[in-house]
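Please look over the sequence and the model shown here before reading on. The paragraphs that follow lead from the overall form to the strands, and then to a few single residues.

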Amino acid sequence: MKIILTGPTGHIGSNVLKAALAHPAITSIIAFSRRQLPTSFPDPQNKLQLIIQSDFTTYSDETLKACAGAEACIWGMGVANMETGRTIIVDSTIAAAKAFVDAKVAGEGTKFRFVHLSGMFVEKDQKKRLWFMNEGRKIRGETEVELMKMEKEHPEALVAYIARPGGVTATNSFFPALLEPLARFINVDDLAAKMLDAAINGHDTQTLEVDVLRNEGKRLRKQ
């Protein structure tokens with residue numbers, strides 16, 4: 001299976017990439033990145049093709065041709081600040097999903113799975129008054145609404161999944177696993193495992209909250 005991945009140099013995206021490189025069902029990965037990857041990604045089967053791109057709102061014919069045959073995308077781009085939040089979270093996500101659907105990268109008659117990394121406490125009501133993280137929560141909410149709207153417009157070509165993790169701990173975190181549910185935390189390896197599984201197999205619900213991501217991720221990693 002061929003997939004598309006964004007954010008491969010980030011905390012979450014890099015772990016998704018490592019999981020994808022090791023997964024036997026994944027045969028090809030198109031990774032979009034703003035910069036080169038570190039040398040710590042073993043790729044003995046030559047699955048990975050890296051595309052350096054600074055603008056994630058437009059895609060050339062050549063780029064879309066490279067994506068041909070991809071059945072899913074894991075959109076794992078993060079933001080360092082809200083000054084660029086709207087462009088990266090809303091504009092880039094929707095532009096990419098539209099480009100992949102319009103180009104029929106998955107092939108005629110095949111539903112393209114788009115797994116979007118969102119967050120906790122998302123607010124879809126843009127007029128609602130919030131007491132904390134107002135802009136970030138609404139931007140993510142707007143993105144979710146637009147993705148689902150696009151799916152309704154292209155029911156034969158797109159299915160979207162929304163991952164809503166809480167706090168994401170590192171691979172070798174000292175945070176006790178037993179306390180993760182109470183703190184609404186999730187280990188990055190569990191998150192990566194479940195996001196990759198949703199790209200490969202889909203899921204019975206389109207919104208994956210942190211408890212589902214954590215429990216399913218742990219189960220998958222034990223297999």
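Of the 223 residues of the chain, what percentage count as buried? In this predicted model, the share that counts as buried is 51% of the 223 residues. The accessible surface of the chain comes to about 11200 Å², and 53% of that surface belongs to carbon and sulfur atoms.

The chain has seven helices and nine strands. Its radius of gyration is 17 Å, close to the 17 Å given by the globule rule for 223 residues, so the chain is as compact as a globular protein of that length. Taken along the principal axes, the box filled by the C-alpha atoms is roughly 45 × 45 × 35 Å. If one considers the contacts between residues at least 6 apart in sequence, 65% of them join residues at least 24 apart. As for charge, the chain carries 28 positive and 26 negative side chains, and the centres of these two sets lie 4 Å apart.

A good place to enter the fold is strand E1, which spans residues 2–6 and is mostly covered, with five of its five residues buried. In a regular strand, the side chains alternate between the two faces of the sheet. In E1, Lys 2, Ile 4 and Thr 6 point one way while Ile 3 and Leu 5 point the other way, and all of these residues are buried. E1 is joined to E2 by five bridges, the two strands running parallel, and within this pairing Ile 4 stands opposite Ile 30 of E2. E1 is also joined to E4 through five bridges, again in a parallel arrangement, and here the bridge partner of Leu 5 is Ile 74 in E4.

From E4 the path continues to another strand. E4 covers residues 70–75, and five of its six residues are buried, so this strand is largely enclosed by the rest of the structure. Besides its bridges to E1, E4 pairs in the parallel sense with strand E5, residues 112–117, over four bridges, and Ala 72 stands opposite Arg 113 in E5. Read along these pairings, E2 is joined to E1, E1 to E4, and E4 to E5.

Which residues does Val 101 contact, leaving aside its neighbours within four places in sequence? Val 101 lies in helix H3, residues 85–102, and at 6% relative accessibility it counts as buried, because the cut-off for that class is under 20%. Its contacts outside the sequence neighbourhood are with His 154, Ala 157 and Leu 158. Val 101 and Lys 111, which are ten residues apart in sequence, are separated by 8.9 Å from C-alpha to C-alpha.

Two loop residues deserve a look for their backbone angles. Most residues other than glycine have a negative phi. Asn 46, by contrast, has a phi near 55°, a positive value in a residue other than glycine; this residue sits in the loop between strand E2 (28–33) and strand E3 (48–52), where it is exposed with a relative accessible area of 65%. Arg 184 likewise has a positive phi, of about 60°, although it is not a glycine. Arg 184 is placed in the loop between helix H5 (180–183) and strand E8 (185–187), and with a relative accessible area of 33% it is partly exposed.

Key: Residues are numbered from 1 along each chain as its sequence is written. This is a predicted model: local features need pLDDT of at least 70, side-chain atom pairs count only at pLDDT 80 or more; totals for chains, interfaces and linings use all residues. Side-chain values use heavy atoms; hydrogens and water are left out. The radius of gyration is taken over C-alpha atoms; the globule rule is 2.2 Å times the number of residues to the power 0.38. Buried means under 20% relative accessible area, exposed over 50%, partly exposed in between (1.4 Å probe, protein chains only). Contact means heavy atoms within 4.5 Å. Accessible areas come from the Shrake-Rupley method with a 1.4 Å probe; for residues, only the protein chains shown count as cover. Lys and Arg count as positive and Asp and Glu as negative; His and the chain ends are not counted. The place of a charge is taken as NZ of Lys, CZ of Arg, CG of Asp or CD of Glu. Two strands pair if DSSP finds at least two bridges between them.
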